[in-house]
Amino acid sequence: MSRGYNFSAGPAALPEDVLRQAQAELLEWGSARASVMEISHRGKDFIALAEQAEQDLRDLLAVPANYKVLFLQGGATQHFAQIPMNFARRDQAVDYVLTGDWSEKAAKEAKPLARVRIAASAADSNYARIPARAAWDLDPTAAYVHVTPNETIRGVEFHEVPDTGAVPLFGDVSSTILSRPLDVSKYALLYAGAQKNIGPSGLVVMIVRDDLLERCPRDLPKIFNYAEHAAQGSMLNTPNTWGWYLAGLVFKWVKAQGGVVAMAEHNRAKAQLLYGYIDGSGYYRNPVEKSARSWMNVPFTLPREDLDAKFLEESEAAGLLALKGHRAVGGMRASIYNAMPLEGVQALVDFMKDFAARNG
Ligand code: PMP
């Protein structure tokens, strides 16, 4: 059996070149005479790696100088809670825009820590659209507005950054970071679990504007305090060194592909191919409003649920892996992150055509 085309939502496919490089240098990294996993994070070799990875990410996203880039742990989920801990008082409003399961979870985790307001919600459409900005009910005194620019489960994506005026905009970009250009300056804070477009799970990248760090309460335990992490270069304690290393390789790979502009062209082409086929098939269906469809996660259903098991069994046998939809929505989902080549999406479309012809 050989490597298949992996459509997993996360942990997701990594670029094959990156995996090969990691494999080649697994036992001895650079001149360390040891694996990169086996050396001190405070040694000069690892510090150089860490700084280079940060610089490459800064270059890729043109991160302005007044933002810190942090390499943290805990998954995006930990930061659902840690963000209100750092940036809101308990009695202060925080505005959440609900566009799917992840923004719902983020709002729920914030509830014990601040006064959560739901500024807008697309729940009434079963999360098939982005609520129009004009209809959002924002509180001008809120500590921040939280959005999830790409909802991994429902496949719903913001194609424009909403204007929230003077209230800082926070974005969970776990499943869209590096897939296309991102105007960092429109956000006060961005965060992403790494396991889609950055590297392995267990690493979280956060990009945060300096002035926000002044809000972090001094009485927070240090390990939860972003200002402390920033002051110590994300080395308050032992970071996820292996994740940081792999993220560095992925950043170099994205640069070699031509950066996020080239990634966007590549991702747009893949998404157009797949949605175009689904819409024209008269067989498969994607429920998301066209203007809000994700470039990264493409859910689709078959005409009858009793075909799902057969579709999954046959697609897996054809080397098209992990197409099962999230348990919350059922059906199928093809996640087509940066590392998925166009040929992988073409192979999926060819399989889908053949399956439809045989199971009409
Ligand atoms: N936010 C989004 C948009 C996600 O897709 C995920 C995971 N798939 C999470 C948050 C949670 O990430 P983690 O499992 O790293 O906590």
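Domain bounds here come from an automatic or database domain assignment. For this chain, that assignment gives domain 1 (17–256) and domain 2 (258–358). Keep in mind as you look around that this is a predicted model.

Let's begin with how the two domains sit together. Taken over C-alpha atoms, the centres of domain 1 and domain 2 are 27 Å apart. Where they meet, domain 1 contributes 24 residues and domain 2 contributes 24 residues. On the domain 1 side of this contact, helix H2 (44–61), E7 and H7 each provide at least two residues. That side is a mixture by class, with 9 nonpolar, 8 polar and 7 charged residues.

From the contact, we can move to the interior. The largest nonpolar core has 106 residues, and Ala192, Val205 and Ile336 are those with the most contacts inside it. Helix H7 (residues 241–257) gives this core its largest share, 8 residues. Both domains take part, since the core draws at least three residues from each of domain 1 (17–256) and domain 2 (258–358). If you centre your view on Ala192, you will find that Ala192 touches Ala76, Val173, Ser174, Ile177, Ile198, Val204 and Val205, leaving out residues up to four places away in sequence.

Now follow the chain to Lys196, a residue you may want to pick out by eye. An unreviewed UniProt entry places the feature "modified residue: N6-(pyridoxal phosphate)lysine" at Lys196. Lys196 is found in the loop between strand E9 (189–193) and strand E10 (204–209). Is this lysine buried or exposed? Lys196 counts as buried because it has 30 C-beta neighbours inside 10 Å, and the cut-off for buried is 20 or more. Beyond its neighbours within four places in sequence, Lys196 is in contact with Gly10, Ala12, Ser174, Ser175 and Tyr337.

Next comes the ligand. Which residues surround the ligand? They are Gly10, Gly75, Ala76, Thr77, Trp102, Thr148, Thr152, Asp172, Ser174, Ser175, Gly193 and Ser201. Helix H3 (residues 75–87) supplies the largest share of this shell, 3 residues. By class, the shell has 2 nonpolar, 9 polar and 1 charged residues.

It helps to set this shell beside the database record. In an unreviewed UniProt entry, the annotation "binding site" covers Ala76, Thr77, Trp102, Thr152, Asp172, Gln195, Asn237 and Thr238. These annotated positions span 163 residues of sequence and are also spread in space, up to 30.3 Å between C-alpha atoms.

Two residues named in both the shell and the annotation, Trp102 and Thr152, are worth a visit. Trp102 belongs to helix H4 (residues 101–110). With 22 C-beta neighbours inside 10 Å, Trp102 counts as buried. Setting aside neighbours within four places in sequence, Trp102 is in contact with Thr148, Glu151, Thr152, Ile153 and Asp172. Thr152, for its part, lies in the loop between strand E6 (150–151) and strand E7 (156–157). Thr152 is buried because 27 other C-beta atoms lie within 10 Å. Not counting residues up to four places away in sequence, Thr152 touches Ala9, Gly10, Trp102, Ser174, Ser175 and Asn297. Ser174 and Ser175 thus turn up among the contacts of Thr152, among the contacts of Lys196 and in the shell around the ligand.

How values were computed:
Residues numbered from 1 in each chain as written. Predicted model: local features only at pLDDT ≥ 70, side-chain atom pairs only at ≥ 80, totals over all residues. Core = buried A, V, L, I, M, F, W, Y, C linked by C-beta atoms within 7 Å. Buried ≥ 20, exposed ≤ 12 C-beta atoms within 10 Å, placed from the backbone. Helix = DSSP H or I, 4+ residues; strand = E, 2+ residues; numbered from the N terminus. Contact = placed C-beta atoms within 7 Å. UniProt positions renumbered as here; feature names shortened; annotations may be inferred. Near = placed C-beta within 6 Å. Nonpolar A, V, L, I, M, F, W, Y, C, P; charged D, E, K, R; others polar.
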